[in-house]
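Colleague: I'm new to this one, and I'd like to know what lies behind the labels people put on it. Can we go through a few?

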Amino acid sequence: MPYSLTLGPFHPAWLGPQRFVLRIAGDRVVDVEYQSGFNERKCAERLSRLPLPDVLHLVARICGECSFAHSLAFCQALERLYPYDIGARAALIRVVAAELERAASHLRAAGAVLAAIGMDQRGAHLETLSRQFREMLAQVTGGRVPPPVCAPGGLLRDLSSSDRDDLLAMLPGISTDLYRFIDRLIDQRLLLARTIEVGMLPRTAAEQFGVRGPMARASGIRRDVRADQPYAAYAMLAFKPIVQEGGDVYARLLVFLLEAYESMKLVETALHHLPAEDPVVALPHEIPRGQSSAAVEGPRGAIRYLIESDGLRLTRVQIDTPRQCDRLLARTVLSQAQLDDVMAIVASLAICVACAEQ
């Protein structure tokens, strides 16, 4: 006898309110209804009514998972209106903060996938690593809830030599730990049985839906703003995207893990090459007239800001964030899935509700 099962709007497997209504026949999903819109805040509309210090504060709080990515995209859009030349130290510290945020977000998502398939101990270990990266990010930004650190032309605070040394001392041990973890995990029978050809998102569907970030790269789409349109210091760090072809839960899990490991290497390289200069700048009193846009690769994919100014302050802000889950995407990855696989599939999407409903 078919029946309906409702998940959400709140659940430990995801961040932010969303609801899945599953139609079950036997032990398989035959239809899905996806409901969102519980968290609309109209941040873009509010930004155009605020002075620049308050704008930077709000942008950094649009999303807890992608805080620095939003700040960086916004500041890079502003910088195209000014004749600013970003120094190497500021550019490298921006990479450090962006990659620490990415690693923390990816490892949390990977841990949620492992917990959903019953590998609770391994999932808890990744959650611990994620918290360590959040703590390192706090050393860079100056707070557990990241305060504004990006500013047009540079940064609002520098990275002290003691904090830099602390980060460089911690990274090798964490890097070795994560490498061994990945090496021991990827061919585990339980993992393969629960993730291979589960929650399939073929490349054609991923392209049709316009997905970005890890979800797209796990479906074979080699698209990453860090490589396609290098910003900050990525051009000097010789970054290359990580791509998997499977389009299933296993491929998405691997992308999370391997990108987190790559983030550690980028952070370490950037810290080793910090020049001795002052990256701290003062906030401008006026914003030049004009229109500009800029994009960065956030933890969930490309985040783009389009801004307009009348010569004194912002008159329009548009925020373009990665496509998150909707009814079509939910049906594609969950259709005919076994009920026991539903939470792993949803966790592997790492849906960022705050970005989707900013």
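Modeller: Sure, and keep in mind that this is a predicted model. One definition to start: an axis is a line fitted to C-alpha atoms, and angles between N-to-C directions run from 0 to 180 degrees. By that yardstick, helix α5 (residues 120–141) and helix α6 (residues 161–185) pack at about 160°, with their axes 11 Å apart.

Colleague: What makes α5 and α6 roughly antiparallel?

Modeller: The cut-off is an angle over 145 degrees. Theirs is about 160°, so α5 and α6 are roughly antiparallel to each other. The crossing of α5 past α6 is left-handed.

Colleague: Which residues in α5 and α6 meet?

Modeller: Among them are Leu126, Leu129 and Phe133 in α5, and Leu167, Ile174 and Phe181 in α6. The residues of this contact comprise 12 nonpolar, three polar and four charged.

Colleague: How do helices α3 and α4 cross?

Modeller: Helix α3 (residues 67–79) and helix α4 (residues 88–116) cross at roughly 145°, and their axes come within 8 Å. That crossing is left-handed too. Ser67 and Leu72 are among the α3 residues in the contact, with Arg94 and Ala97 among those in α4. The contact residues split into five nonpolar, two polar and three charged.

Colleague: Why don't Cys66 and Cys63 form a bond?

Modeller: A disulfide needs sulfur atoms within 2.5 Å. The Cys66 sulfur is 3.7 Å from the one in Cys63, its closest cysteine sulfur, so that's too far. The structure has zero disulfides.

Colleague: And why are Cys66 and Cys325 called buried?

Modeller: Buried means under 20% relative accessible area. Cys66 is at 0%, so it counts as buried, and Cys325, at 9%, therefore does as well.

Terms used
Residues numbered from 1 in each chain as written. Predicted model: local features only at pLDDT ≥ 70, side-chain atom pairs only at ≥ 80, totals over all residues. Heavy atoms only, no water. Helix = DSSP H or I, 4+ residues; strand = E, 2+ residues; numbered from the N terminus. Parallel < 35°, antiparallel > 145°, perpendicular 65-115°, else oblique. Left-handed = near helix turned anticlockwise from the far one by under 90°. Contact = heavy atoms within 4.5 Å. Nonpolar A, V, L, I, M, F, W, Y, C, P; charged D, E, K, R; others polar. Buried < 20%, exposed > 50% of the residue type's maximum accessible area, 1.4 Å probe, protein only.
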